[in-house]
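Please take the sequence and the model together, and read them side by side before going into detail. The paragraphs below move from the whole chain to single residues.

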Amino acid sequence: MPTLLTMPQHLDGLRAATVALARYADRAGLGAPVPTTPDWTVRRLLAHQGMVHRWATRILRGEPAAPDAFGAEGLAAPDPVEWLREGAVDLAAALHEAPDDLDVVVFLADAPAPVCFWARRQCHETTVHAVDALSAVLGRLPRAADIEIGDELALDGIDELLCGFLTRPRSRLRAEEPMTIEVRPDGSGRTWRVEVGPGPAVTRCGPPDGVDDRRRAGADVVLRGTPVALYLSLWNRSDEVDVSQGWRDASAITWD
């Protein structure tokens, strides 16, 4: 699963998402509910993201990680936004310092080299949670026009979800009768075909075949939209592209 962006691009994405998350959190207020993650407040969102940054930093440095302790620290922080920023700065430093041949754990199917993996993962982790913070400001699910995310980053995040997360043995994306879901971002020159059956999904990516008719293309479901609209919808942060409730339940990515 080669990344679609370079390491510097992922680091830029991480920085931009951290800035956006902090800005939206300030605007919404710590007690505001988060429509995209209904059980959370903004304070809990910040504690979660700051915990993940610190956890990833410890992995990159080969140090013991204590996610529960980090999360509790975030919930108790007098200034959760500043606490988030501190963790993100430390994470960026760890990524910059890591050698190209770093040998640490990765957890997605067919993952890139560890340093590239962690830069990509934290870029999209933080971007998606910045969208959560935006939803707290808006009081609703966001749409592509509400947020500044570039098409290239969105395509890279679609690729990580479809090729990395949903093909893992633990993925809940299953179907008793085999079916194919085709994802076609408008104007991108890319397509992803997700073959779903009783076992782990298989995702194939490449240029679109130019056939719009679903039956002739061999896909049972075709999802189309702008890259950003698809990114938000496939990551269950928007309803701009009509994905089924079954997709939302089966593709949800959770911390456990």
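What follows describes the overall build first, and then one helix and two loop positions.

The model shown here is predicted, and its protein chain holds nine helices and four strands. Read from the start of the sequence, these elements follow the order α-α-α-α-α-α-β-β-β-α-β-α-α, so that six helices come before the first three strands, and a helix then separates these from the last strand, which is followed by two further helices.

As to overall dimensions, the C-alpha trace spans about 60 × 45 × 35 Å along its principal axes. A compact globule of 256 residues would have a radius of gyration near 18 Å, and because the protein chain has 18 Å, the value agrees with that expectation. Buried residues make up 54% of the 256 residues, and among the contacts with a separation of 6 or more, 67% are between residues 24 or more positions apart in the sequence.

The accessible surface of the protein chain comes to about 11600 Å², and carbon and sulfur atoms account for 52% of this area. The chain carries 27 positive and 38 negative charges, whose mean positions lie 3 Å apart.

Helix α5, residues 114–138, can be checked for its length and for its setting. At 1.5 Å a residue its 25 residues should span 36 Å, and the end C-alpha atoms are indeed 36 Å apart, which agrees. Of these 25 residues 22 are buried, and α5 is therefore largely enclosed by the rest of the structure. Just after α5 comes G139, which takes a positive phi of about 75°.

Two loop positions deserve a look of their own. T37 is placed in the loop between α1 (7–28) and α2 (42–60); with a relative accessible area of 13%, it falls under the 20% cut-off and therefore counts as buried. Leaving aside residues up to four places away in sequence, T37 touches D132 and R237, and D132 falls within the residue range 114–138 of α5.

The second position, N236, lies in the loop between α8 (227–234) and α9 (245–251). Is N236 buried or exposed? Its relative accessibility is 15%, and because this is under 20%, N236 counts as buried. Most residues other than glycine have a negative phi, whereas N236, although it is not a glycine, has a positive phi of about 65°.

Conventions: Residues are numbered from 1 along each chain as its sequence is written. This is a predicted model: local features need pLDDT of at least 70, side-chain atom pairs count only at pLDDT 80 or more; totals for chains, interfaces and linings use all residues. Side-chain values use heavy atoms; hydrogens and water are left out. Helices (H or I, at least four residues) and strands (E, at least two) are DSSP runs, numbered from the N terminus. The radius of gyration is taken over C-alpha atoms; the globule rule is 2.2 Å times the number of residues to the power 0.38. Buried means under 20% relative accessible area, exposed over 50%, partly exposed in between (1.4 Å probe, protein chains only). Contact means heavy atoms within 4.5 Å. Accessible areas come from the Shrake-Rupley method with a 1.4 Å probe; for residues, only the protein chains shown count as cover. Lys and Arg count as positive and Asp and Glu as negative; His and the chain ends are not counted. The place of a charge is taken as NZ of Lys, CZ of Arg, CG of Asp or CD of Glu. The expected span of a helix is 1.5 Å times one less than its number of residues.
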